[in-house]
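Thank you all for making time this morning. I would like to walk you through one structure, so please have the sequence and the model open while I talk.

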Amino acid sequence: MAIAKAERLMNLALCLMNTRRPVSKRELRASIEAYHEVTSDDSFNRMFERDKDDLRELGLVIDTVENLDGEYGYLARSDRNRLPDIALDPEEAAALALAAKVWQQARLAEAASGALQKLRAAGVPYEDTHSALEPRIPTPEPAFEALMLATRERRAVAFDYRKANAVRPEPRQVEPWALECWRGHWYLAGYDRDRGAVRVFRLSRISGRVKARGAFTVEVPAHVDVREAVARWAGEGATTTATIRLRRDSGYPLRARAVATTPVDADWDELEVPYGHGLDAWLAEFGPDVVVLAPQELRTEVLDRLRAVAKG
């Protein structure tokens, strides 16, 4: 579906850019093959308006002209849609080449390689050289490409998601805002329609196919810092602390993050650790070596996890 829409938009753009006079919707419908399959006038009008808006969002300047008969025509003048010459110095070209290599393990590899070849054809001083610095951002999650397209096209999605403390996945409907790679894992931040709030989802916990569910209904707030939301969800940047009791000579990762450590007796130490989302799952991994003292909600979450493990 994404390929068909891209082809339709491309054909519409070519029709609008390769004419010297405004072209009416009637003429465009007859000229573009994809529109032939639309039998209803109302359906065609809605599709055409969406396509026109999408092209304008992509940066194409489309003029609307009314003729003497009151019919509207559309035209994308070449002088208003001509890009300036690309001027990159060798350092900037090298930076682009390095960025393109990031995606060599993803489905974007072909697009990135093609973009570099076009830059070379345009005279940009780019050389495909190998350096000691070879960045990689792996995208092993099957949901990555579908969510990337949905994020770019501002389309809501539906998928099955298993929370860290859940046995089975549950359906979610999300308006995806951005994808972030955090410490080797990909996360999706967006608006959860069912819960009416901002949520972050780890892509590795998405099961099954990601399905499209129409356009966004909620605007992406300008004040939302997606990277900060992902970091907070991952337990980083915590603004509060939790008090735990940790067995002596154990839990060294916890000790490394502790903001305060107080010896209790020969067997236990009391620690103040940053309290962020996901701390309950981390503490449960230490089993009998950790006792949560406060807050009570964290203590309850850890006990629930341990009981679930005990039940198998």
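**The core and the helix beside it**

In the largest nonpolar core, which has 17 residues, those that touch the most other members are Leu-12, Leu-16, Tyr-35, Phe-48 and Leu-55; a nonpolar core here is a set of buried Ala, Val, Leu, Ile, Met, Phe, Trp, Tyr and Cys residues joined through side-chain atoms within 4.5 Å. At least two residues of this core come from helix 1 (2-17), and at least two from helix 4, where helices (H or I, at least four residues) and strands (E, at least two) are DSSP runs numbered from the N terminus. Before going further I should say that this is a predicted model, in which local features need pLDDT of at least 70 and side-chain atom pairs count only at pLDDT 80 or more, while totals for chains, interfaces and linings use all residues. Residues are numbered from 1 along each chain as its sequence is written, and side-chain values use heavy atoms, with hydrogens and water left out.

Staying with the core, Leu-16 is in contact (heavy atoms within 4.5 Å) with Leu-28, Leu-55, Ile-62, Tyr-74, Leu-75 and Ala-76, if we leave aside its neighbours within four places in sequence.

Let me turn to helix 4, which covers residues 41-57, has 17 residues, and reaches 24 Å from its first C-alpha to its last, close to the 24 Å expected at 1.5 Å a residue; that expected span is 1.5 Å times one less than the number of residues. Which residues of helix 4 are buried? They are Phe-44, Met-47, Phe-48, Asp-51, Lys-52 and Leu-55, with buried meaning under 20% relative accessible area, exposed over 50%, and partly exposed in between, for a 1.4 Å probe and protein chains only. Seen down the axis of helix 4, these buried residues fall within an arc of 135°, so they line one face of the helix; the arc is taken from the directions from the helix axis to the C-beta atoms. As a general reminder, an α-helix has 3.6 residues a turn, so residues three or four places apart point the same way.

At the N-terminal end of helix 4, Ser-40 acts as a cap, with a side-chain oxygen 3.3 Å from the backbone nitrogen of Asp-42, and just after the helix Gly-59 takes a positive phi of about 110°.

Asp-51, in helix 4, deserves a closer look, since at 1% relative accessibility it counts as buried. Not counting residues up to four places away in sequence, Asp-51 touches Arg-8, Leu-9, Leu-12 and Tyr-35. The side chains of Asp-51 and Arg-8 are joined by a polar contact of 2.7 Å, that is, a pair of N or O atoms within 3.5 Å, where within protein one must be able to donate a hydrogen and the other to accept it, and residues adjacent in sequence count only if both atoms are side-chain atoms. Asp-51 and Leu-9 are 42 residues apart in sequence, yet 6.3 Å apart in space, C-alpha to C-alpha.

**Strands**

An open sheet is formed by 3 strands in the order 1-3-2, with antiparallel pairing; two strands pair if DSSP finds at least two bridges between them. Strand 1 (23-24) and strand 2 (63-66) stand at the edges, each with a single partner strand, so one side of each is left without a neighbour in the sheet. Between strand 1 and strand 3 (residues 72-75) there are 2 bridges, and Ser-24 stands opposite Gly-73.

Further along, strand 5 (residues 170-182) pairs in the antiparallel sense with strand 4 (residues 155-161) over 5 bridges, and with strand 6 (residues 185-192) over 8 bridges.

**Arg-248 and the hairpin**

Towards the end of my list, strand 10 (residues 260-263) and strand 11 (residues 268-275) run antiparallel, joined by 4 bridges, and a hairpin connects them through 4 residues. Where does Arg-248 lie? Arg-248 is in the loop between strand 9 (240-247) and helix 9 (252-257), and it is partly exposed, with a relative accessible area of 30%. Among the residues Arg-248 touches, not counting those up to four places away in sequence, are Pro-263, Val-264, Asp-265, Ala-266 and Asp-267. A polar atom of the Arg-248 side chain lies 2.6 Å from the backbone oxygen of Asp-265.
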